[in-house]
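Please look over the sequence and the structure shown here before reading on. The text then goes through the model step by step.

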Amino acid sequence: MRLTPTPLAGAFLIDIDPVEDERGLFARTVCADEFARDGLVSHFVQQSVSWNPRAGTLRGLHFQIAPDQEIKLVRVTRGAIFDVIVDLRPGSATYGKAFHAELSAENRRQLYIPTGMAHGFQSLQAGTEVLYQMSAPFRPASARGLRWDDAALNIPWPPCATRTIADNDRAWPTLAGLTS
Ligand SMILES: Cc1cn([C@H]2C[C@H](O)[C@@H](COP(=O)(O)OP(=O)(O)O[C@H]3O[C@@H](C)C(=O)[C@@H](O)[C@H]3O)O2)c(=O)[nH]c1=O
């Protein structure tokens, strides 16, 4: 596995180191020892799947507040996403900054998201399936969101003919609104 730090401290892109032969490939996707070397946790308490039949489906930006803040490990098992995180850690040198990466079934890339970040994605292909592992259980009372199109975040969402977004995701506050 190759762990590459992102500009947002504590967030990593994780790529596999495949061993290939005539049958295909084999590769580790989580390793407690390798994760621990870079300070990553590998104990997750929930795993969830997100199915997106249409391209242009946008989910997010989501996070949970204390005491239910969660680490997420995200990968795509079918299709592709434009995956986004935003640093919401008070006092962080990159507070309010966004980072994005393309995760796909083809590139098998994972994004490790530490606590204190909002997360969202846009599906880039019809029939995209996203698999999450989470370090803390889902608690509806702690679930919060941030506006995906807040101009202050300057996220270069890929253009698409039709965007599918849930009403609650259209109604989250902007970054300025989160702190006021
Ligand atoms: C997130 C979540 C939702 N649910 C339920 C609540 C609701 O009835 C239904 C759909 O929930 P949502 O509309 O919040 O699903 P969705 O908008 O796909 O939420 C997800 O968005 C991405 C961006 C993330 O980062 C995830 O952690 C998660 O927040 O599933 C769970 O049971 N467990 C969970 O972990």
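The account starts with the chain as a whole, moves to one sheet and the ligand shell, and ends with backbone details.

This is a predicted model. The protein chain contains 3 helices and 14 strands. Its radius of gyration is 16 Å, close to the 16 Å that the globule rule gives for 180 residues, so the chain is as compact as a globular protein of that length. The C-alpha trace spans about 55 × 40 × 30 Å along its principal axes. Of the 180 residues in the protein chain, 29% are buried. Among contacts with a separation of 6 or more, 80% are made by residues 24 or more positions apart.

An open sheet is built from 6 strands in the order β1-β2-β10-β7-β12-β5, with antiparallel pairing. Strands β1 (2-5) and β5 stand at the edges with a single partner strand each, so one side of each has no neighbour in the sheet. On average, and with direction ignored, neighbouring strands of this sheet are turned by 25 degrees against each other.

At the β1 edge, β1 and β2 are antiparallel and joined by 4 bridges. One of the pairs is Pro5 with its bridge partner Phe12 in β2. The two strands, β1 and β2, form a hairpin with 6 residues between them, and Gly10 in the turn has a positive phi of about 95 degrees. On its other side in the strand order, β2 is joined to β10, through 3 bridges in an antiparallel arrangement. Here Phe12 stands opposite Tyr112 in β10. Phe12 thus appears in bridges to β1 and to β10. Strand β2 (residues 12-15) has a covered face, made of Phe12 and Ile14, and an uncovered face, made of Leu13 and Asp15.

At the other edge, 7 bridges join β5 to the antiparallel strand β12 (residues 128-134). Val49 stands opposite Leu131 in β12.

Which strands each supply at least two residues of the shell around the ligand? They are β5 (46-52), β6 and β11 (117-123). The residues surrounding the ligand are Ser48, Ser50, Arg59, Gly60, His62, Lys72, His119, Gly120, Phe121, Tyr132, Phe138 and Ala166. By class, the shell divides into 4 nonpolar, 6 polar and 2 charged residues. The edge strand β5 is therefore also a contributor to the shell.

Gly60, a member of the shell, also takes part in a backbone feature: the peptide bond from Gly60 to Leu61 is cis, with omega near 0 degrees. Leu61 lies in strand β6 (residues 57-64). A cis peptide bond also joins Ala66 and Pro67, with omega about 5 degrees. Pro67 is located in the loop between β6 and β7 (72-78).

Two residues that are not glycines have positive phi values. Arg108 has a phi of about 55 degrees and sits in the loop between β9 (98-104) and β10 (110-113). With 17 other C-beta atoms within 10 Å, Arg108 is partly exposed. Asn154 also has a positive phi, of about 55 degrees, and lies in the loop between β13 (143-145) and β14 (164-165). Is Asn154 buried or exposed? Asn154 is exposed, because 9 other C-beta atoms lie within 10 Å, and a residue counts as exposed at 12 or fewer.

Notes. Residues numbered from 1 in each chain as written. Predicted model: local features only at pLDDT ≥ 70, side-chain atom pairs only at ≥ 80, totals over all residues. Buried ≥ 20, exposed ≤ 12 C-beta atoms within 10 Å, placed from the backbone. Near = placed C-beta within 6 Å. Nonpolar A, V, L, I, M, F, W, Y, C, P; charged D, E, K, R; others polar. Rg over C-alpha atoms; globule rule 2.2 N^0.38 Å. Contact = placed C-beta atoms within 7 Å. Pairing = 2+ DSSP bridges. Axes fitted to C-alpha atoms, helices over the stretch in contact; angles between N-to-C directions.
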